[in-house]
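Thanks, everyone, for making the time. I would like to walk through a few local features of this model, and I will go element by element, so please keep the structure open beside you.

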Amino acid sequence: MDEQIQLKVVEVVGGGLCVASDDGEKVHALVASALRQGKRVVVSFEGVTDLTSAFLNAAIGQLYGEFSEDYIRAGLSVTGASNDDLHILKRVVDRAKQFFKDPAPFREAAKAVLGADSDC
Amino acid sequence: MESRGSSAPVPSAGPPEVALYRLADIYTDYDGFQELIRLHEYVSYCIFPGLHIDTSFLQWLDANMCAPLGAVLYEFARHGRIAIELKKPGLKSILERNGFLHNFGFTVPKGADRYGTTIEYQRFDCGDAEAFKAYVAQHFVGKGIPNMSEALHRKFRESISEVFDNAVEHSGTEAGIFACGQYFPKKQQLDFCIADLGIGMRSVLERRGIQLSAEQAIEWAMSGDNTTRLRSEGRPGGLGLKLIRDFVRLNGGSILIVSDAGYWRFHGGNVELRTFPRPFPGTVVNIEINTADTQSYCLASEVDPKSIF
């Protein structure tokens with residue numbers, strides 16, 4: 001990965017409200033395309049005023065369905081994000097890693113709601 | 001006072017072929033939603049092309065509840081005529097100021113929000129995230145709610161955006177998404193409500209082979225890292241509502257969710273679960289926040305950007 005690009009999310013989204021899954025999809029398409037081409041991607045959150053997990057799931061989380069953790073770690077970095085935004089991003093990333101390793105933990109979770117002896 | 005609601009569609013003494021419904025009080029609580037469920041059943045079985053809503057017994061309507069009220073009346077209003085009795089000045093004022101009447105096809109002008117306490121009633125097409133972003137920007141960016149810190153404003157905006165996105169993703173409705181809010185200055189409280197006419201959380205889980213009661217389905221959606229998404233769908237989900245729960249706990253506010261026949265309310269660290277005898281035709285999320293909260297909401301622990309991935 002020699003070539004590096006910087007991707008400013010406010011430019012992709014058209015403003016600082018980075019809240020909708022659809023907007024996250026736009027960011028994801030660009031990041032995924034660059035990673036497929038073997039480029040390193042710096043995602044800039046400079047100018048972001050609002051950020052949701054829905055946006056980040058679409059933009060970043062779903063990368064773990066296509067690329068390995070090692071590949072993403074080597075090719076992706078972030079800049080310009082506040083500490084709060086990084087916290088949300090970290091939770092989204094951890095959730096995505098778990099999700100793509102164990103995609104259907106629903107029944108166990110449902111049992112937890114119903115009680116340990118239940119069989120849904 | 002008469003019992004809440006009317007039991008069956010009946011012709012009114014007014015114009016022919018108009019059903020009469022006596023609307024009871026609508027607070028943001030179990031009884032308020034019970035009344036909306038009664039109204040929904042009434043309009044669902046109404047054979048008349050017109051509906052007259054009698055508000056003579058109405059003592060109170062929480063303005064934020066215009067979101068689920070508008071959702072309940074939406075289908076009927078598409079093919080029928082709705083008249084709302086507006087003799088009470090307070091009610092008329094509220095419904096004019098928040099645009100409910102205007103938005104619902106009534107020939108009244110949208111009233112001026114002189115007190116800056118109204119967050120407009122609006123219906124959004126499910127695919128129109130841009131319209132909701134513009135709505136949020138209009139009401140909560142810049143002027144916003146007085147005496148509310150910017151950190152709180154941001155957390156609130158992010159929360160309602162998460163709820164909207166969740167409704168878009170999961171409701172499976174063509175009827176759209178309904179939103180409305182109200183700021184109560186004396187109580188230093190902001191209520192914002194988002195409603196859809198979708199399949200509800202219980203049915204979403206049922207389609208994944210999980211059988212839970214309606215209220216258990218809400219609890220499931222609000223707990224842990226649960227998500228209904230499958231890997232084949234390509235993208236994880238399931239954090240938004242939990243983040244809101246964390247935020248509301250810190251803020252001292254509350255979340256109320258009604259979905260299908262389930263009632264779920266989180267306040268003061270406790271969850272209240274109840275069941276309605278009949279289902280609500282979709283899902284409603286009401287977020288109530290303490291606007292006097294001055295916490296920074298900045299998390300103390302530093303996250304190293306290099307350790308995220």
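Strand 7 and strand 10 of chain B, the latter covering residues 283-290, are paired in the antiparallel sense through 6 bridges, and within that pairing B:Leu256 has B:Asn286 of strand 10 of chain B as its bridge partner. I should say at once that this is a predicted model, and everything that follows is to be taken in that light.

Strand 7 of chain B also has a second partner to consider, strand 8 of chain B, residues 262-267, to which it is joined by 6 bridges, with the two strands running antiparallel. In that pairing B:Val258 stands opposite B:Tyr263 of strand 8 of chain B. How enclosed is strand 7 of chain B by the rest of the structure? Of its 6 residues, at positions 254-259, 6 are buried, so strand 7 of chain B is largely enclosed by the rest of the structure. As a general matter, side chains in a regular strand alternate between the two faces of the sheet. Here, both faces are covered, with B:Ser254, B:Leu256 and B:Val258 buried on one side, and B:Ile255, B:Ile257 and B:Ser259 buried on the other.

The connection between strand 7 and strand 8 of chain B is a hairpin with 2 residues between the strands, and in it B:Asp260 takes a positive phi near 60°. In general, most residues other than glycine have a negative phi. B:Asp260 has 25 C-beta neighbours inside 10 Å, and because the cut-off for a buried residue is 20 or more, it counts as buried. A second residue to set beside it is B:Gln188, which is other than glycine and has a positive phi, near 50°. B:Gln188 lies in the loop between strand 5 (177-184) and strand 6 (189-196) of chain B, and it is partly exposed, with 15 other C-beta atoms within 10 Å.

Let me turn to the helices of chain B. Helix 1, residues 30-44, and helix 2, residues 66-79, of chain B have axes that come within 9 Å and cross at roughly 5°, which makes helix 1 of chain B roughly parallel to helix 2 of chain B. From helix 1 of chain B, the residues B:Leu36, B:Leu39, B:His40 and B:Val43 meet B:Pro68, B:Leu69, B:Val72, B:Leu73 and B:Phe76 of helix 2 of chain B; by class, this contact comprises 8 nonpolar residues, 1 polar residue and no charged ones.

What is the relative direction of helix 5 and helix 6 of chain B? The axes of helix 5 (residues 129-140) and helix 6 (residues 150-170) of chain B come within 11 Å and cross at roughly 160°, and these two helices of chain B are therefore roughly antiparallel to each other. Their crossing is right-handed. Helix 5 of chain B contributes B:Ala129, B:Phe132, B:Val136 and B:Phe140 to the contact, while helix 6 of chain B contributes residues including B:His153, B:Phe156, B:Arg157 and B:Ile160. The contact of helix 5 with helix 6 of chain B has 8 nonpolar, 2 polar and 1 charged residues.

In helix 3 of chain B, residues 89-97, the residues B:Ile94, B:Leu95, B:Glu96 and B:Arg97 are buried, and the buried residues of this helix pack against helix 4 (100-103) and strand 4 (118-124) of chain B. Just after helix 3 of chain B, B:Gly99 takes a positive phi of about 80°.

Strand 4 of chain B also holds B:Ile119, a buried residue with 28 other C-beta atoms within 10 Å. Leaving aside neighbours within four places in sequence, B:Ile119 is in contact with B:His139, B:Cys180, B:Gly181, B:Gln182 and B:Phe192. Of these partners, B:Cys180 is 61 residues away along the chain, yet its C-alpha atom is separated from that of B:Ile119 by 5.9 Å.

Finally, chain A. It has an open sheet formed by 3 strands in the order 1-3-5, with parallel pairing; strand 1 (4-8) and strand 5 (76-79) of chain A are the edge strands, each pairing on one side only. From one strand to the next, the twist averages 25°. Strand 1 and strand 3 (residues 40-44) of chain A pair over 5 bridges in the parallel sense, and A:Lys8 stands opposite A:Ser44 of strand 3 of chain A. Helix 2 of chain A, residues 21-36, packs on this sheet, touching strand 1 and strand 3 of chain A, and its direction makes about 160° with that of strand 3 of chain A.

Methods:
Residues numbered from 1 in each chain as written. Chains lettered and ligands numbered in written order. Predicted model: local features only at pLDDT ≥ 70, side-chain atom pairs only at ≥ 80, totals over all residues. Axes fitted to C-alpha atoms, helices over the stretch in contact; angles between N-to-C directions. Helix = DSSP H or I, 4+ residues; strand = E, 2+ residues; numbered from the N terminus. Parallel < 35°, antiparallel > 145°, perpendicular 65-115°, else oblique. Left-handed = near helix turned anticlockwise from the far one by under 90°. Contact = placed C-beta atoms within 7 Å. Nonpolar A, V, L, I, M, F, W, Y, C, P; charged D, E, K, R; others polar. Buried ≥ 20, exposed ≤ 12 C-beta atoms within 10 Å, placed from the backbone. Pairing = 2+ DSSP bridges.
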